[in-house]
Amino acid sequence: MIMIQSMTGYGKAEAMLPAGRLTVEIRSVNGKSADISIKTSLLPKERELEVRKRLADRLQRGSIDLFLTWEPNSTESARQINSALALDYVRQIEKIAGGCGCPNISLDKTAMAGILSSVLRMPDVLDSDRREVIDEESWPAVSEALDNAIETILQYRYREGEALYTDVTGRVGKILEIYDEVEALEPERVATVRERLEKAISELCLKPDKERFEQEMIFYLEKYDINEEKVRLRQHCKYFLDTIDSDPNPGKKLGFIIQEMGREINTTGSKANHAGIQKCVVRMKDELEKIREQCMNIL
């Protein structure tokens with residue numbers, strides 16, 4: 001049996017670089033195609049196409065988000081003071097103070113400390129180290145971390161796929177069991193229809209030709225016969241189970257099979273004319289809707 005995958009998953013891996021630690025995270029949920037979103041500015045533009053292709057090739061389908069988080073070493077994380085800009089701010093402040101008739105503030109240590117504290121909060125005075133986190137030298141380690149994160153999310157998807165397989169195949173089996181109940185009610189349905197017609201004729205005080213009455217009864221029962229729906233539904237259920245066992249990525253195909261299953265169940269309900277069978281139809285619809293919801297997450 002081929003293992004199916006869920007489109008929901010999470011993978012994480014780390015790359016230890018000379019300047020710090022890079023964390024790679026991948027998250028995915030169900031989607032109609034490979035909708036890849038790279039939610040980071042750390043990845044070099046020239047590597048983006050390569051990363052997108054790798055994610056699409058391995059994960060194939062789903063709404064996929066890639067996150068990169070950078071934690072620099074303590075020696076790398078210190079922010080640098082733009083000395084030239086800071087001194088220019090100080091000179092401008094002294095000039096303004098002199099124009100206001102204030103004494104030379106550079107001679108007042110307390111005043112100067114307050115000014116420096118304010119200057120350090122001004123735009124662009126403190127600069128972070130803006131070197132590229134991912135360069136050519138560090139790319140092999142980052143690439144390996146990306147592959148490891150992909151492997152982790154694939155393992156997650158397979159585990160989720162096992163749970164999905166157990167759930168949907170069990171529900172298909174339940175639909176077949178319920179249809180067995182429908183078959184068991186068929187003789188009662190026929191008897192009920194005959195009784196209803198005979199009662200209606202009796203109330204009208206009519207004496208129909210017996211042979212003609214039987215012909216009309218046969219015609220009526222053939223009109224509401226559900227044997228074809230029963231056969232087709234069983235075939236669709238078998239096709240569903242064969243497909244999920246043989247196709248590694250059956251999600252879209254299963255969606256089409258579910259539509260056909262729903263058509264046969266609905267037709268059975270419209271032809272039923274029997275309270276017990278109608279209840280069975282409602283139960284089958286409930287199981288089918290749960291199958292539909294789960295299959296939307298199967299790759």
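Helix α8 has a good share of its residues listed as buried: G251, L254, I257, I258, M261, G262, E264, I265, T268, G269, K271 and A272. Keep in mind that this is a predicted model. Below, α8 and its partner helix come first, followed by the strands around β4.

**Helix α8 and what follows**
- Helix α8 covers residues 251-272, and its end C-alpha atoms lie 31 Å apart, which agrees with the 32 Å that its 22 residues should span at 1.5 Å a residue.
- Right after α8 comes N273, with a positive phi near 55°.

**Helix α7 against α8**
- Helix α7 (residues 227-246) packs on α8 at an angle of about 160°, and the two axes are 9 Å apart.
- Angles over 145 degrees count as roughly antiparallel, so that is how α7 and α8 run relative to each other.
- The crossing in which α7 passes α8 is left-handed.

**Strands around β4**
- Strand β4 (residues 62-72) pairs with strand β2 (residues 20-29) in the antiparallel sense, over 10 bridges.
- In β2, residue S28 sits opposite I64 of β4.
- Strand β3 (residues 34-38) also pairs with β4, here in the parallel sense and over five bridges.
- In this parallel pairing, S37 stands opposite D65 of β4.
- If you are looking along these strands, remember that side chains in a regular strand alternate between the two faces of the sheet.

**The β-α-β unit**
- Helix α1 (residues 45-59) joins β3 and β4 in a β-α-β unit, and this unit is left-handed.

Notes
Residues are numbered from 1 along each chain as its sequence is written. This is a predicted model: local features need pLDDT of at least 70, side-chain atom pairs count only at pLDDT 80 or more; totals for chains, interfaces and linings use all residues. Side-chain values use heavy atoms; hydrogens and water are left out. Two strands pair if DSSP finds at least two bridges between them. Helices (H or I, at least four residues) and strands (E, at least two) are DSSP runs, numbered from the N terminus. A crossover is right-handed if, with the strands pointing away from the viewer, the path from the first strand over the helix to the second runs clockwise. The expected span of a helix is 1.5 Å times one less than its number of residues. Buried means under 20% relative accessible area, exposed over 50%, partly exposed in between (1.4 Å probe, protein chains only). Axes are lines fitted to C-alpha atoms, for helices over the stretch in contact, and angles run from 0 to 180 degrees between N-to-C directions. Angles under 35 degrees count as roughly parallel, over 145 as roughly antiparallel, 65 to 115 as roughly perpendicular and the rest as oblique. A crossing is left-handed if the near helix is turned anticlockwise from the far one by less than a right angle, and right-handed if clockwise.
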